[in-house]
Amino acid sequence: MGETPDNKLLLRALRREPVERTPVWLMRQAGRYLPEYRAVRAQAGGFLEMVQEPELAAEVTLQPIRRFGMDGAILFSDILLPLQAMGMELVFDEAGPSLPRPLRTRGDVEALTLGDPRTSLAYVGRALELVRAGLPGGVTLLGFAGAPFTLASYAIEGGTSKSFLELKELMYREPATWEALLERLSAMVAEHLLFQHEKGAEALVLFDTWASTLTREDYRRYAAPWTARVVAAVGERVPLVLFAGQAEHLFDDLCAFGPAAVAVDHRSDLASAFERSRGRCALQGNLDPGVLLATPTEVARRTRALLESVRGLRGHVLNVGHGVLPATDPDCVAAFVETARELRA
Ligand code: CP3
């Protein structure tokens with residue numbers, strides 16, 4: 001296709017340049033819904049084994065690209081690995097991730113090590129190099145990290161939380177401890193993202209999955225300053241996509257950081273989000289991942305309707321509003337990607 005690194009379709013859409021069709025990729029596009037993923041996982045023995053073995057991480061990253069031909073390949077890894085690199089015990093089992101010794105005190109925070117991710121997360125760099133070497137021309141390589149607030153939620157709660165009681169108690173009652181923690185996490189996240197860019201990531205995603213547990217006022221006070229620091233450290237050098245789940249009340253704040261793109265959750269209306277964004281950034285999204293449990297015909301119909309709703313607007317990257325669900329039929333992911341590839345802008 002004669003594409004130079006800079007004029008890849010996804011990168012052009014992130015810069016809000018004209019495109020001949022809407023680029024597409026999916027959050028959690030590598031995962032349990034793919035039989036070839038389950039085969040690698042069974043052989044490796046577990047999720048961490050797969051992530052920390054660069055050959056396997058690269059293989060699993062490339063699987064959905066080979067099968068479906070998305071425009072972006074997101075490195076197979078996890079947002080929680082930097083916490084492990086900082087000295088926290090991390091376990092993945094059937095119930096999801098857990099950190100058996102969560103942080104509760106100033107001393108716990110100060111015990112976190114702030115090493116260079118180029119050493120402590122060297123396997124991430126190696127996996128990126130391998131993916132880069134095996135990636136078809138025109139496909140953009142994406143790196144990622146968790147936003148400081150979402151990482152803090154895992155570090156304090158010890159796993160995925162519904163009500164964030166431990167976090168809120170610490171955040172409101174021990175502001176100095178909170179700030180010391182977010183300080184460390186934002187430094188680590190910024191370095192980790194820069195490291196991924198050095199190793200070939202051409203765009204980066206910052207996941208703030210749980211930010212929406214905060215009111216807008218508290219988001220500004222307790223989370224935004226550290227996200228701003230990460231955006232400032234990397235956003236000038238490499239396009240950054242900012243994701244927050246169910247965060248319509250934070251949408252203006254997310255745009256105001258000045259990322260290349262904001263990822264829109266499926267509970268928000270995409271066309272309205274374009275209006276609210278006022279040309280400040282590109283937008284990613286936002287098919288409901290639950291719709292991928294319908295038939296391929298229905299998925300194609302809904303995908304066309306979504307693309308139609310924002311037709312002619314610059315800076316759209318088609319994606320799901322949150323990660324692909326494990327029960328998804330691969331044929332439905334195929335229908336989603338093919339619909340995007342067939343429609344001219
Ligand atoms: O394909 C991709 O999107 C790249 C790989 C990726 C994973 N996790 C792999 C994974 C990415 C980008 C993530 C990010 C991540 N991890 C987030 C932010 C995005 C989001 O989903 O909101 C969060 C909150 C995590 C933490 C995490 N890791 C949870 C809550 C879970 C359990 C839920 C689940 O889906 O099982 C994980 C495990 C995990 N991370 C899996 C995968 C493929 C499942 C592992 C397995 O059992 O095989």
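1. Let's start with the sheet. Strand β4 (residues 140–146) and β5 run parallel to each other, paired over five bridges. At one of these pairings, G146 has F207 of β5 as its bridge partner. Bear in mind throughout that this is a predicted model.

2. Strand β5 has another partner too: five bridges join β5 to strand β6 (residues 240–244), again in the parallel sense. Here V205 sits opposite V241 of β6.

3. How enclosed is β5? Six of the six residues in this strand (residues 203–208) are buried, so the rest of the structure largely encloses it. Looking at the two faces, A203, V205 and F207 point one way, while L204, L206 and D208 point the other way. D208 is buried along with the others.

4. Now the largest nonpolar core, which has 128 residues; W178 and L292 are the members that touch the most others. Helix α11 (residues 175–198) gives this core its largest share, nine residues. As background, nonpolar side chains tend to be buried together in soluble globular proteins.

5. What does W178 contact, leaving aside neighbours within four places in sequence? The list is F149, A152, I156, L167, L170, M171, Y222 and W226.

6. Last, the cysteines. You might look twice at C255 and C281, but the disulfide count is zero. The sulfur of C255 has its closest cysteine sulfur in C281, at 3.8 Å, which is too far for a bond, because a disulfide needs the sulfur atoms within 2.5 Å. C255 is buried, at 2% relative accessibility, and C281 is also buried at 2%.

How values were computed. Residues numbered from 1 in each chain as written. Predicted model: local features only at pLDDT ≥ 70, side-chain atom pairs only at ≥ 80, totals over all residues. Heavy atoms only, no water. Core = buried A, V, L, I, M, F, W, Y, C linked by side-chain atoms within 4.5 Å. Buried < 20%, exposed > 50% of the residue type's maximum accessible area, 1.4 Å probe, protein only. Helix = DSSP H or I, 4+ residues; strand = E, 2+ residues; numbered from the N terminus. Contact = heavy atoms within 4.5 Å. Pairing = 2+ DSSP bridges.
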